[in-house]
Amino acid sequence: MPEFDSLIYEKPEEGIARIWLNRPDARNAQDTHLLYELNDAFDVAVNDDEVKVVILAGKGPHFSAGHDLMENPANAKSHDRVGSWNASDHTGAEGHYCREKEIYEGFCRRWRDLAKPTIASVHGKSIAGGLMLIWPCDFVIASDDATFQDNTMYMGIPGVEYFAHVWELGIRKAKEFLLTGQPITAAQAEAAGMVNRVVSRDSLEEATLEFARTIADKPAFALKLGKDAINAAFHAQGFENVQRGAFNAHHLAHTHYRVQQDGSFIDRAFMERFRSGQGRGS
Ligand code: ZN
């Protein structure tokens with residue numbers, strides 16, 4: 001089995017690969033290294049003919065607290081670039097834009113279109129960037145304690161970098177989710193169509209394996225073709241145009257705060273007011 005620093009990769013049974021996010025003390029916050037490792041792990045699974053379906057799950061109390069805002073990207077371990085934007089070391093808005101284009105938007109779109117089915121097995125909290133590990137997966141099995149939140153509005157940012165809100169929740173619920181920044185429960189996510197099954201916390205691991213078995217007993221080529229046929233709907237429904245526009249708006253906001261606030265890429269002043277109890281309604 002491949003060795004990773006921030007993940008565990010295993011094959012729990014025939015036809016099934018399982019990737020665990022394994023930074024439990026950091027609530028599986030995603031730093032640059034974890035995201036490149038996750039991309040590598042998906043590639044290991046895709047290139048292994050014994051694997052029919054891939055599970056992504058999280059160790060610790062929460063699935064993922066989002067992107068690791070404590071990380072200084074300049075200190076991140078270097079990895080071979082996967083996309084072709086390749087300018088994350090440039091100054092100004094360019095470097096920041098290109099970094100997020102590769103490791104956030106680029107990875108999410110690549111993972112969504114992996115040529116094998118993927119299942120997110122989710123518990124606890126998934127916040128902001130946490131959604132960007134779940135939404136690209138083909139199926140979501142959630143435990144009844146799971147909650148989902150895009151809190152980027154509290155940072156002055158109009159949504160996470162992978163802008164699938166409308167596809168996950170429908171237009172009206174997507175607006176509520178994004179503009180209020182409030183969490184939704186697993187049951188609400190299931191009602192909106194974002195989650196396939198809600199199970200008890202104790203049975204999440206087995207329920208996910210059971211679901212995976214109903215995929216793993218099908219021919220790999222047919223699974224690949226079926227997934228690709230359904231994913232064609234994203235293209236037909238204009239996902240690329242919505243994504244491009246939203247990503248550019250996201251970076252307009254980042255740049256706005258960089259100009260206003262000595263380089264901070266989010267609205268730290270609002271966040272601090274909010275944290276001290278003065279932000280709501282202001
Ligand atoms: Zn961003």
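In this predicted model, W20 of strand β2 stands opposite A57 in β3, and on the other flank I8 is placed opposite W20, so that one may begin with W20 and read outwards into the strands around it. Strand β2, which covers residues 16-21, is joined to strand β3 (residues 53-58) by six bridges, and the two run parallel; within this pairing, I19 has L56 of β3 as its bridge partner. Strand β1 (residues 7-13), by contrast, runs antiparallel to β2 and is joined to it by five bridges. The connection between β1 and β2 is a hairpin with two residues between the strands, and G15 in the turn has a positive phi of about 85°.

The burial of β2 can be followed residue by residue. I16, R18 and W20 point one way from the strand, while A17, I19 and L21 point the other way, and all of them are buried. Because six of the six residues of β2 are buried, the strand is largely enclosed by the rest of the structure.

These strands belong to an open sheet of six strands with mixed pairing, ordered β1-β2-β3-β4-β6-β9. The edges are taken by β1 and β9 (197-199), each of which has a single partner strand, so one side of each is left without a neighbour in the sheet. On average, and with direction ignored, neighbouring strands of this sheet are turned by 20° against each other.

Another open sheet has three strands in the order β5-β7-β8, again with mixed pairing. Here β5 (125-127) and β8 (184-185) stand at the edges with a single partner strand each, so one side of each lacks a neighbour in the sheet. The pairing of β5 with β7 is parallel and extends over three bridges, and S126 has F148 in β7 as its bridge partner.

Strand β7 also leads towards the metal site. The zinc ion is coordinated at 2.1 to 2.5 Å by two OE atoms of E100, by OE of E161, and by NE2 of H250 and of H254. Along the chain, these donors follow the spacing E-x60-E-x88-H-x3-H. Since E161 lies in the loop between β7 (147-149) and α4 (165-169), whereas H250 lies in helix α9 (residues 239-260), the pair ties together parts that are 89 residues apart in sequence. Both E161 and H250 are buried.

Among the helices, α1 (residues 32-46) and α2 (residues 92-112) have axes that come within 11 Å and cross at roughly 30°. That angle makes α1 roughly parallel to α2, and the crossing of the two is left-handed. In the loop between β3 and α2 lies S78, which is exposed, with a relative accessible area of 68%. S78 and H33 are 45 residues apart in sequence, and their C-alpha atoms are 8.0 Å apart in space.

Helix α7 (residues 204-216) has 13 residues and reaches 18 Å from its first C-alpha to its last, which is close to the 18 Å expected at 1.5 Å a residue. Its buried residues are L204, A207, T208, L209, F211, A212, I215 and A216. In reading such a list it helps to recall that an α-helix has 3.6 residues a turn, so residues three or four places apart point the same way.

How values were computed
Residues are numbered from 1 along each chain as its sequence is written. This is a predicted model: local features need pLDDT of at least 70, side-chain atom pairs count only at pLDDT 80 or more; totals for chains, interfaces and linings use all residues. Side-chain values use heavy atoms; hydrogens and water are left out. Donors are N, O and S atoms within 2.8 Å of the metal (3.2 Å for Na, K and Ca); water is not among the atoms, so sites may look incomplete. Helices (H or I, at least four residues) and strands (E, at least two) are DSSP runs, numbered from the N terminus. Buried means under 20% relative accessible area, exposed over 50%, partly exposed in between (1.4 Å probe, protein chains only). The expected span of a helix is 1.5 Å times one less than its number of residues. Two strands pair if DSSP finds at least two bridges between them. Axes are lines fitted to C-alpha atoms, for helices over the stretch in contact, and angles run from 0 to 180 degrees between N-to-C directions. Angles under 35 degrees count as roughly parallel, over 145 as roughly antiparallel, 65 to 115 as roughly perpendicular and the rest as oblique. A crossing is left-handed if the near helix is turned anticlockwise from the far one by less than a right angle, and right-handed if clockwise.
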